[in-house]
Amino acid sequence: MFENFFFVALPYIAILLLVGGTIVRAFKNHWVWSARGDYLWTTRTTGFFGRQTIGPAALCIHWGLITLFITHLIGFIGGGYNLSSWVEVFRWVGMIGGLMLLYGLLWALYRRIFNLQVKAMSQADDYITLSFLIIIVSFALWQSLVEQLFGISYAAGPWVGSIFTFQPDASLISGAPLVNQLHIIFALLFFCYFPFSKLVHAASYPFSYFTRPRISMRTYWGLKK
Ligand code: HEM
């Protein structure tokens with residue numbers, strides 16, 4: 001029963017909330033294609049304070065996440081179609097993405113705790129988001145670096161396929177190591193949380209970037225001059 005809840009019901013709840021919830025927030029009360037959703041659609045940037053540390057944190061988090069999104073896709077397709085080289089790409093490139101992400105997340109958490117201005121402007125959402133990501137990536141890196149278990153994509157690929165073809169089969173993934181099951185469960189809970197958080201900024205359409213007033217960005221060394 002537990003496996004049906006976590007690996008059949010929860011994935012559909014997560015997809016519904018992630019896609020539906022983000023669309024509702026984007027267009028609530030106004031149908032404007034380039035809109036940033038409701039007026040709370042902001043990441044409350046901390047870039048004004050401690051600018052020298054926001055750089056490594058933001059870069060590593062965003063590039064780490066992009067790398068992991070692409071490598072998970074490659075891994076699941078590889079696992080689903082028995083393409084071992086694809087699964088290997090996931091293993092090594094995903095590991096680099098994971099380490100980069102963890103490094104950025106720890107920097108970001110450090111800033112929120114030890115930079116007093118950043119601490120003062122932080123909200124529960126900031127800590128919840130960071131904690132979710134740290135937990136998810138730590139389970140994954142524990143599995144691949146400490147326990148040195150890999151190849152679970154051969155089970156996860158067909159399971160993800162079963163969800164998207166509406167023939168969900170929890171037994172495909174229920175034999176995976178516990179650490180990987182926890183990785184997946186926390187990732188699904190994170191997707192459920194996504195539309196209620198600042199993370200919705202990922203769904204911003206970049207059209208207005210071309211017409212909005214420019215923002216001057218300078219490097220740390222440029223600022224020092
Ligand atoms: C429901 C969504 C997700 C599923 C089903 C999933 C599944 C998996 C699986 C099965 C593996 C192990 C692959 C293998 O052994 O062949 C893995 C590894 C990994 N995942 Fe996820 N994952 C999900 C979301 C995420 C998210 C949101 C993150 C980042 C925050 C993430 C980060 C990682 C990392 C860093 C690895 C280790 C890569 C390596 O060291 O080679 N995953 N994931």
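Let's start in the loop between H5 and H6, where Gln 148 is found. This is a predicted model, so please hear everything that follows in that light. Gln 148 has a positive phi of about 50°, although it is not a glycine. As background, most residues other than glycine have a negative phi. Is Gln 148 buried or exposed? Gln 148 is exposed, because it has 7 other C-beta atoms within 10 Å, and the cut-off for exposed is 12 or fewer.

Now move along to the loop between H6 and H7, where Phe 166 lies. Phe 166 is not a glycine either, and its phi is positive, about 60°. Phe 166 also counts as exposed, because there are 7 C-beta neighbours inside 10 Å. So what does Phe 166 follow? Phe 166 comes after H6.

That brings us to H6 itself, which runs from 153 to 164. H6 has twelve residues and reaches 16 Å from its first C-alpha to its last. That is close to the 16 Å expected at 1.5 Å a residue. Which residues of H6 are buried? They are Ser 153, Ala 156, Gly 157, Trp 159, Val 160 and Ser 162.

Let me step back to the whole chain for a moment. The protein chain has eight helices and zero strands. Reading from the N terminus on, the elements simply go α-α-α-α-α-α-α-α. Of the 225 residues in the chain, 25% count as buried.

One of the buried residues is Leu 68, and you will find Leu 68 in helix H2. Leu 68 counts as buried because 23 other C-beta atoms lie within 10 Å, where the cut-off is 20 or more. Please also look across from Leu 68 to Gly 98. Their C-alpha atoms are separated by 6.9 Å, while the two residues are 30 apart along the chain.

Gly 98 takes us nicely to the ligand. How many residues surround the ligand? There are 25, and the closest are Gly 94, Gly 98, Ala 140, Ser 144 and Ile 152. Where does this shell come from in the fold? Helix H2 (51-80), helix H3 (84-114), helix H5 (124-146), helix H6 (153-164) and helix H7 (178-193) each supply at least two of its residues. As for chemistry, the shell around the ligand divides into 15 nonpolar residues, nine polar ones and one charged.

Two of the helices that supply the shell, H5 and H7, also pack against each other. The angle between H5 and H7 is about 160°, and their axes are 9 Å apart. H5 and H7 are therefore roughly antiparallel to each other, as the angle is over 145 degrees. In passing H7, H5 makes a left-handed crossing.

H7 has another packing partner to show you, helix H1, which covers residues 2-27. How far apart are the axes of H1 and H7? The distance is 8 Å, and the two helices pack at an angle of about 30°. H1 and H7 are therefore roughly parallel to each other, since the angle is under 35 degrees. The crossing of H1 and H7 is left-handed.

To wrap up, here are the spots I would like us to look at together on the screen: Gln 148 in the loop between H5 and H6, Phe 166 in the loop between H6 and H7, and the shell of 25 residues around the ligand. Thanks, everyone!

Technical notes: Residues numbered from 1 in each chain as written. Predicted model: local features only at pLDDT ≥ 70, side-chain atom pairs only at ≥ 80, totals over all residues. Near = placed C-beta within 6 Å. Helix = DSSP H or I, 4+ residues; strand = E, 2+ residues; numbered from the N terminus. Nonpolar A, V, L, I, M, F, W, Y, C, P; charged D, E, K, R; others polar. Expected span 1.5 Å × (residues − 1). Axes fitted to C-alpha atoms, helices over the stretch in contact; angles between N-to-C directions. Parallel < 35°, antiparallel > 145°, perpendicular 65-115°, else oblique. Left-handed = near helix turned anticlockwise from the far one by under 90°.
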